[in-house]
Amino acid sequence: MRLALCSGPVPSTSGRQQTQCATPSVAPCRLSGGQQFLGGTGALRQTLQPGQRRRAAVVTNVAAPPSKPQTYANGKVVKVAPSHIRNFSIIAHIDHGKSTLADQLLIKTDTVENRDMQAQYLDGMDLERERGITIKLNTARMKYVAKDGETYALNLIDTPGHVDFSYEVSRSLAACEGCLLVVDASQGVEAQTLANVYLALANDLEIIPVLNKIDLPGAEPDRVKREIEEVIGLDCSNAIYASAKKGLGIAEILEAVVERVPAPADNRGKPLRALIFDSYYDAYKGVVVQFRVTDGELHKGDLVKFMNTGCEYDIVELGVLSPKPVEVDALYAGEVGYLAASIKQVADARVGDTITLKKRPAEEALPGYTEVQPMVFCGLFPTDADQYTELRDALLKLQLNDAALRFEPEVSSAMGFGFRCGFLGLLHMEIVQERLEREYDLDLITTAPTVVFKAVATDGTETVVDCPSKLPPGNRLASISEPYVRLEVITPKEYVGSIMELAQQRRGEYVDMQFLTETRTTLVYNMPLAEVVTDFFDALKSRSRGYASMEYAITGYRENDLVLLDIKINGEMVEPLAAIIHRDNAYYVGKALVKRLKELIPRQQFRVPIQAAIGARVVASESIPALRKDVLAKCYGGDISRKKKLLKKQAAGKKRMKSLGRVDVPQEAFMAVLQINRESSPDE
C-alpha cells in the first residue's frame, strides 16, 4: 500500500470543477513549499497554494487509467495511460497487402471517415500511388475500444516492403513493441519476409503472423502456415486468417494487438528522452520531427535540446498523426508524435538524435540507429548550371526525410558542378531522382550508377573509388577490389535451372540450395554487387515469371581482374560514361555500349566517332555519319571536275566543323550502361 496526496477542487478544461487524485504511475511535480505532489499531466497538471488543505488517501499499487480520458479531434484521438498504449508496425514482402491492411485498420477504428477513404491512404506521395509501393514509413494513431470495454491508443507504423528501403523498416521497428507479419496466403514466405522477420527479432518484438488474401482462389493458408513454421521457426498455431481487400479478420487482428503486443514501460517520472525516427521539411513550419517518447513527459511550450547537435528550440506545435496532424497539450512515455519548433536549419534535427528538456536534461542519449552504408553511387547534375544551389538545398531537405541518402559535391569536365550521391539500390536511386524533379522542380542529368571499389596503388596506398574518374592511373595501379554479396533467391522449383544459369552469367559462385517445401527452393550465391545492382532483379523476375524473390547482404571485398573502360565521343573522354568492369567482359560490354550510344546520340553536321578504350587500346568503335546537304543537286550536267570541286569544298567545311564542334549527349545515353544487351556476353 502507498500514500498519495489529493487536492481540493481544480478547474478542468471544460470549465467544471473536479477533484483529482494522483496515482503512483503519475510523475511527481515540485510544489512551491518544497514538497512533492503526484499530479496529472497536460491540462490536468496542478499546483497547491501555500496553506491549502491536503489530505491523504490510500490507493492500490496498480495504476488505473483515467475514468474519462482526455480526447482531441472530436474524440478520434484519446489520451490514455501507458498501460493502454500499443505501438506496432506492419512488415511483409512487397505486394503482400500491407497498405491495404493498414487502410482496413483505419476504417475499423473510425480513424478515417468512409467518405475520405482512398486506397493506400497512408501513402501520401503521388509516386507511391503511381508505382503501387510504399516508399516512406507512415504513422497513424487509432482509438480502439476492445472487447473488455477498455479504450486503447494504437500507434500504427506502415513500412515499405522493397529491399532498397529496409532502413525505413529498421527505424520503424525501433519505435515499436510488436509487429504484424503479413504473408500472402497464395505466395507464401519470400525473401523480404525473412529479412524483415530477422529485423523484428533483432529488436525483440512480439510477432503476430497474419495470413492475408485468403479469399483468393489459389490461397493455401495451411501450407503457408507450415512454411512459416518450418522456414522461420515461428509458432503459427494462433495465426490470423485475413483478407484486407474483403475486410475479413480485421477485428481479430485488433484484438490480437491489444492482447499480445506488450505495453510500453511507464517511465513518466524520468528525465525526458525521445528518439527521432523520421522528419521532413515544411515551408511554413520548418523542420517537423517525428519521435517516440521513451522516458519522461513533453509539453507544448517546453524548451527542448537535441542531444547530439546541442541545438535548443521552444516547441511551437506538439501533436500526433491520426493520420492527419492533431495538436495535443502533452506527450509522455510510450507515445509517438511530432513537434514543430521553427527549426530552419535541416542539420539541427537528424534522424536518430535524442530530444531532452533544457531544464531537466537526460544524462545519456538513446543509442539511435546504425549508420547505413550506401551501396550504389551516381552523379546528379543540373542541366542549368544556375540551379546548382537549388539542387544542394533540395538534397539537404530530402536527406532530412530520407536518412539513407548520402551526397557530396562533384565537378565533372563534361557535366560541370553537381553531386555524387549514394543510395541503397537502383530503385532508391530512381525514387530520389523523381522526387527531386517533382517536389523541387529541378531538371537533372543522372550518370550511370556504380558501386564502391577499393584500389591499391603500387606504393601501397588504398583509395576508395565511388566514381571511375577517381581510379589511379594504370601505371600506378596494383589491384582493384570489388564488394561481394551473399545473394539468397527463393523461387518455385521449376525455375531453378534458369535462375542458376542467370547467376552463372553474372559471375556468381554457387553456395547452397535447399528445398523449403515440396515446391519452393532457396538458392544461395556469392556474387559481385556490381552485377546485382544493374538489371539482375529485372532479369530474375523475367525468368521466373515474377514468382522469384531475392535478398542480399554485403559480405566483404575481393580482388578481381577489373579494368577501367573509357568512352570517347568525337575524341573527347566522357567521364560520366566510364565504367569499371571485369576484363573478360570488357570487349563485349564496350561493343554493346558504343552501339547503343550510336542509336541515342543525335546526328551532327559532322561525323562523330565513338570509341570504347582500355587505356590506350581501343576495344570497340562505331561512328555516327554526318548530316549531309546534297551539294550536287544543282549539277544536272557538266564536267565531273565541277562535282569534285563541290564535294571537296563540303569536306573541308565538315573537317573545320568537326574541330570546333561540340556533341551534346542526351540523358538516355548516360543510362545506356544499364540497358546493354547481355545476349552478347561470352558466358551465354
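Helix α3 (residues 166–173) is mostly covered, with seven of its eight residues buried, meaning under 20% relative accessible area (1.4 Å probe, protein chains only). This is a predicted model: local features need pLDDT of at least 70, side-chain atom pairs count only at pLDDT 80 or more, and totals for chains, interfaces and linings use all residues. Residues are numbered from 1 along each chain as its sequence is written, and side-chain values use heavy atoms, leaving out hydrogens and water.

**Helix α3**
- The buried residues of α3 are Tyr167, Glu168, Val169, Ser170, Arg171, Ser172 and Leu173.
- Their cover includes the strands β8 (85–92), β10 (151–158), β11 (178–184) and β14 (273–282).
- The helices α4 (191–202) and α7 (388–401) also help to cover them.
- Helices (H or I, at least four residues) and strands (E, at least two) are DSSP runs, numbered from the N terminus.

**A negative surface patch**
- Asp384, Asp386, Glu390, Asp441 and Asp443 gather in a patch of negative charge on the surface.
- Patch residues have over 30% relative accessible area and no salt bridge, with like charges joined within 9 Å.
- A salt bridge is a side-chain nitrogen of Lys or Arg within 4 Å of a carboxyl oxygen of Asp or Glu.
- Aspartate 441 sits in the loop between α8 (426–439) and β27 (444–446).
- Aspartate 441 counts as exposed (over 50%) because its relative accessibility is 63%.

**Lysine 598**
- Lysine 598 lies in helix α12 (residues 583–600).
- Lysine 598 has 35% relative accessibility, so it counts as partly exposed (between the buried and exposed limits).
- Lysine 598 touches Ile610, Glu622, Ser623 and Ile624 (heavy atoms within 4.5 Å), not counting residues up to four places away in sequence.
- Lysine 598 and valine 608 are ten residues apart in sequence and 9.1 Å apart in space, C-alpha to C-alpha.

Definitions and conventions:
Patch = residues over 30% accessible without salt bridge, like charges linked within 9 Å, V, L, I, M, F, W, Y side chains within 5 Å. Areas by Shrake-Rupley, 256 points an atom, 1.4 Å probe, with all protein chains shown as cover. Lys, Arg positive; Asp, Glu negative; His and termini not counted. Charge placed at Lys NZ, Arg CZ, Asp CG, Glu CD.
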